[in-house]
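User: Could you walk me through how to read a polar contact, and then the wider picture around it?

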Amino acid sequence: FLLFPSSMASSPSSPAPVPCKDINLKFGREGKATELLIRGIKIDNKDPENPEYIEVLLQDIPRWDEHTEMILLNIKRPWSVYFRSKLSQLDVLSIRGCRVLTRNNNLTAHDFELQLDDTKESRKAQISVRSSRHRLLDLEGDLITFNSIFEDAKNNEKGLFAKAMKQDTVVSGYVYTPLSELQPGLECNIVGVVASYTHPRKTRKNDSYIVVSISDRTIPNGVINMNIFAAKEEDLPRFHRIGDIFRVHRAKVDLYSGRPSLVYQKFKSSFLCIDGREGHSTEPYGFSTENYTEVDKELVVSMRKWLLDVPLQIKPPDMTFTSLEELPKCSMKTETICKVIGVTKSVPGGRKRLVVVWDGTDIETEGNLIVVKGGDCEHGDSFPEHGAYFAIQVESQLLDLVNVRPDDWIHVRNLSLRNDDDVYYGYAEDVRVLCPSLQPCKEVMLRYQQRKKIFDEASDREEKKKRGEEEEE
């Protein structure tokens, strides 16, 4: 994702942004660019409305596995008057052509410091500010120049940049940390897409807990794990499907096995669960707080669109999905993605139920497949015309917990083929409901559409041949 506006963005022919440690006296003179995260802000308190200076402590955009150095940015008039209410901690400043001076502060150990003032060198500077909201929504920051701050004052109104910042700091009241920028030991607010979750378990102290893996656009090929603890199981979030949106306030960043992880603080954190499907309600279906704003809805809509094009990591990289067609050849338990055609009705005292699934392929066994009559199950209105319907046995308690319904897409876990007196069926140890926009679901539909096209073309040829024979007669 871009950290510069289009006019400042790096291209194959332009150099990469300069790291904090490499900023020197040549930085401004050579028109080089850098992008740094705000870690601290101090505004001249003698005249806050017309400050003589603003001190901004900057560092490289953090990576949990790298040490980051800091540098001070001194903002003086007229820049300071413009920026007095525009900057927040965790904003990213993209800076090109800024003045560089030998360090004259005891806040950093850097040899130099940056300065924006009324000098000829500073008048050439280009600044862009991207809040955490900008980065999560993949929005570009507005380009701020020496001329634009006077234009803004002349119009006697706040520009687009100011409105965007106001939306972050006033309307929402919370700053969300992109998952790529987590720093161990800190407390943060996060919003991400659910990539996997465990069922509730008990701790030694009889608390309940789950582990959920989440992702966002800053780590599209990875996930961050969060441990969630609660005194009672009903206080834990209960996700409807993989791909739903999960928002947490006041999570603690920890380090586990050398990688960052998140801890939901039992008496301090709060959560929201929102449907991840495109076009569905943006209102939370599960929550421990009623704090939910229009800015949150904007994040939900953006993440749904992002999910349409990204291969969310819903399984370990070394795991592969197999089709139902391949199941009889598998000597070990396997994983598959299917659409639910029907679910047998719950029977009092019944421990197991059957889920009738489909993935567009045929399954051939040495005996017959178990048959489920329509009257014995709840089913949807769509019945694909090509591909076998296959019954999978699942624990009734698990189906109720995950809430599998007809027309759902599911990830069937640890699936094996079983038979009783040469009648074959599947047995699954676990299932998860999926958002249909996830890539594995779309791959199944694409495979089916390609197969259907072959059948339709063959049918058309047969129909033409039949009409030709009738005309000859």
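Analyst: Happily! A polar contact is a pair of N or O atoms within 3.5 Å; within protein, one must be able to donate a hydrogen and the other to accept it, and residues adjacent in sequence count only if both atoms are side-chain atoms. Here, the side chains of Thr334 and Thr322 make such a contact at 2.7 Å. This is a predicted model, where local features need pLDDT of at least 70, side-chain atom pairs count only at pLDDT 80 or more, and totals for chains, interfaces and linings use all residues. Residues are numbered from 1 along each chain as its sequence is written, and side-chain values use heavy atoms, with hydrogens and water left out.

User: Is Thr334 buried or exposed?

Analyst: Buried means under 20% relative accessible area, exposed over 50%, and partly exposed in between (1.4 Å probe, protein chains only). Thr334 has a relative accessible area of 8%, so Thr334 is buried. Across the protein chain, 48% of the 473 residues count as buried.

User: Which residues is Thr334 in contact with, leaving aside its neighbours within four places in sequence?

Analyst: Contact means heavy atoms within 4.5 Å. On that basis Thr334 touches Thr322, Leu327, Val412, Arg413, Asn414 and Leu415. In the protein chain, 66% of contacts between residues at least 6 apart in sequence join residues at least 24 apart.

User: Which strand does Thr334 lie in?

Analyst: Helices (H or I, at least four residues) and strands (E, at least two) are DSSP runs, numbered from the N terminus. Thr334 lies in β17, a strand covering residues 334-344. The protein chain has 8 helices and 23 strands.
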